[in-house]
Each structure stands twice: as C-alpha cells, then as structure tokens.
Amino acid sequence: MVMTVHYFAPGRVNLIGEHIDYNGGFVLPAALSLGIRAAVRPREDGVITLRSLNAPGCFEVDLDADLEFDPRHGWANYPKGVMAYLRKDGYALQGCDIVYSGDLPVGAGLSSSAAIEVVTAYLLLHRSARAACGSEMGDSIDRIWLAKLCQRVENEYVGVGCGIMDQFAVANGKAGHAILLNCDTLAYEYVPVSLGDYRLVIINTGKRRALGESKYNERRAQCQAALRIIRQHRDVPNLCQATMEDACRWIDDPIPLKRVRHVISEHLRTMEASRLLSSGYLREFGWLLTESHQSLREDYEVSGSELDTVVELALASGACLGARMTGAGFGGCAIALVESNALAQFQDFVRSHYVQKTGLHPEFYVSEIGDGVRRVSSYSDLESY
Ligand code: GLA
C-alpha cells in the first residue's frame, strides 16, 4: 500500500517590530494554528505534481527539466522555487504527488507564501532523508537554514525583497510563545505569551495586499539610502543601531527622516514590548501596539484607510487594550488585544461600523499561537487524495 504522509506549516502574525527585519533589528512574530497542510504520496517517474484544494489546476514538475519561474503558474511557483533551490544546493529530489489545503487567507498578510515555501522544503527534505536512511529522520532539519533557503526563493526566484521574519517564524514557531528575533544575527529567544483575560484577535480588512505591487521595495530602498548617508559619518552596523541624533544631523529630506524615525522607534518599542509581555504588563504592551500603528501610519506610511478604520474601531470598542496593522501593510490584517469575555460584542461592533464605513466585510480569527512546520497525523480533507 502506498503511504500518504501529512505535514503542516503555520501562518504567522507579527506582534510588533514592523518593517524592522530588513533593517537588522528585533521583531516579535508568532506562528499561528491556522496554516497550510500538505499530503504527499511517492511516485516512481521523477515527476512532482502539485495541486491545491483551494485553487484549480494541477502542475507537473519534471525533475530533470529547468525549473524556471513562470507567471502563468501562480501559487505553484513557490513550491517550484523551493525545488529549484534545493536542487541547486545539491539535494536529490524524488517524484511525488503533493496536495495542499489550508485555512490561511491568501494575500492577507499572514504569510501564506512563507507557509507554502517552508512546508514544501520541509517535506522534501524529510522525504529525501527517509529515503537515504531508510528510517525517520526525527527532527534534525536545521530550521534556520530552512528559513534562509525559503527567503532566498522569495527574494531571488519569486522576486519579492522580503526580510527573514516570515520564513523564520513559520519554521521556528513554538506553541504559546512569540519569537524575539534579532534579524541581524538570527539569535532568538522564545517569549511566553500569557494573555490572561485577553485574546489576540486578528482582523482581516478584506483589502487584499500584494507585496510585489506595493511600496515595500521603495521603503526598503529609502532605508538603505538613509543608512548610506549616516555611514558616511558614523560606523553603524544597521539602521536600527543609528540614533535620531545621527539622522537629524545628516539627513535633510523630511521623508527619509520620517522613515528612519519609524525604524529607530519601532525597534526600541519591540524590545520594550517583549519585556512587558513576558512580565504580564498587558495594558502597557497594548499601548505600544497602538503606538506602533501610529508610527507605521504617519512616519512609515504603509497603512491605509481600511487598516486605520479597523484599528480605530477596535480601540473605540471599549474592550481592547491596543491594536495595530500587522505585516507589510497596504491592506491585509490588523491585530487587537481584546477582553475574552467581550469577544462577541467586539466583533459585532467592529464589523457593523467597518461595513458601514468601507463596504468591505472583515473576518475575525481568534487563533492560538502554535508550533512551527512539522509532520502531522493525517487530515480528513486530504485523506481521499
Ligand atoms: C512582509 C515581509 C517581512 C517583513 C514584513 C514587515 O511580511 O515578508 O519580511 O518585512 O513585511 O514587517
């Protein structure tokens, strides 16, 4: 009998530390219990087929052929890119049928692309190790290396200049914990997330956010340019290590100066937020979430009317300690720290006013913080494939 093996990679939510990963500072993401599942069955002909229960079509990848990016292949470019890069790194891939399915909204800023990359890389490595050793590999896959490989796929193959945060969180998540990650050194520690009488609510604005089309790369370039100017006068390893004094002295243009102000203040907020969260100061933690949103809206200018409306409504609900956009911005999701016994009223309040103001329908996820990518027991919806 041919055995089907199942895997899961979570989406991620960033608690705080936005647009910081590519500036070398601290971020505080967490893996979700929502994510992408994959069922894999071996085949003998050197072909990998890719299907998704959430999208039409079946893609056949011939492992002897070139694995070029093809815009017509849509989502399948992510797994194809992973295969191309594993092959480049010398891994021998074997034929198989892969079917994906998931409950992670696509294009909502919860890292569905990182989840599909990481689950694919993990399952292919897991399979090739099983074939080579004839036994389970346990969990000896180097998850930091895995995250870096998937970031390279996103940067070089898909062409999106993202930082390391998403792939890192998807690969290294730990249930009940956020990850305080130093994006310069990749040193990290797990920070327990004990929310007591509160829950983390993720609100999807329904405004789709496409990283490639957004101003993401422009912000990145503005930060690099600001760092170059500061470095003409002072040796700083990255923008997060510069000071506002440095920036004000040497940068004249008000726009780059605002970008730098966001980066430096957000980096400090993230370190402070992590301390507050681990000591149970939820009210103060909530304030920092809201401050982070203001900074992203005014200084970094990556929010938008839908995200601003959702955050304002969350704060006006009377049941919320703090709220902010999460992820790249320009649409996608916000997070809010909400009283557990007022969740239903909170959702009703935000939904009704949001629909009235924007005409869009928000979605709410009260997701647990889960583990990173892993092998799992079977899933019923993928059982028959
Ligand atoms: C996207 C990118 C990440 C990070 C965030 C903003 O999610 O993929 O690398 O830059 O935006 O914090």
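Modeller: Before we look at α10, a residue is called exposed when its relative accessible area is over 50%, and buried when that area is under 20%. Keep in mind that the structure before us is a predicted model. On that scale, Ala344, Gln345 and Gln356 of α10 are exposed.

Colleague: Which residues of α10 are buried?

Modeller: Leu343, Phe346, Gln347, Val350 and Tyr354 are the buried ones in α10. They cover an arc of only 90° around the axis, which puts them on the same side of α10, whereas the exposed Ala344, Gln345 and Gln356 sit on the other side.

Colleague: What covers the buried residues of α10?

Modeller: The cover includes four strands, namely β9 (198-204), β10 (320-325), β11 (333-339) and β12 (363-365), together with the helix α9 (305-316).

Colleague: How many residues does α10 have, and what span should they give?

Modeller: The general idea is to take 1.5 Å for each residue after the opening one, because the expected span is 1.5 Å times one less than the number of residues. Helix α10, residues 343-358, has 16 residues and should therefore span 22 Å, and its end C-alpha atoms are indeed 22 Å apart, which agrees. Just after this helix, Gly359 takes a positive phi of about 75°.

Colleague: How does α5 read by the same approach, and what is its reach from the first C-alpha to the last?

Modeller: Helix α5, residues 216-231, has 16 residues and reaches 23 Å between those atoms, close to the 22 Å expected at 1.5 Å a residue. Its buried residues are Tyr216, Arg219, Gln222, Cys223, Ala226, Leu227 and Ile230. Seen down the axis of α5, they fall within an arc of 135°, so they line one face of the helix. Those buried residues pack against α6 (244-250) and α7 (254-278).

Colleague: Turning to the backbone, which residue other than glycine has a phi near 50°, and where is it found?

Modeller: That residue is Glu301, whose phi is positive, and it is found in the loop between α8 (282-298) and α9. With a relative accessible area of 32%, Glu301 is partly exposed.

Colleague: And Ser111: is it buried or exposed?

Modeller: Ser111 counts as buried, because its relative accessibility is 8% and the cut-off for that class is under 20%. Although Ser111 is not a glycine, its phi is positive, at about 65°, and the residue lies in the loop between β6 (96-102) and α2 (112-133).

Note on methods. Residues are numbered from 1 along each chain as its sequence is written. This is a predicted model: local features need pLDDT of at least 70, side-chain atom pairs count only at pLDDT 80 or more; totals for chains, interfaces and linings use all residues. Side-chain values use heavy atoms; hydrogens and water are left out. Helices (H or I, at least four residues) and strands (E, at least two) are DSSP runs, numbered from the N terminus. Buried means under 20% relative accessible area, exposed over 50%, partly exposed in between (1.4 Å probe, protein chains only). The arc is that of the directions from the helix axis to the C-beta atoms. Contact means heavy atoms within 4.5 Å.
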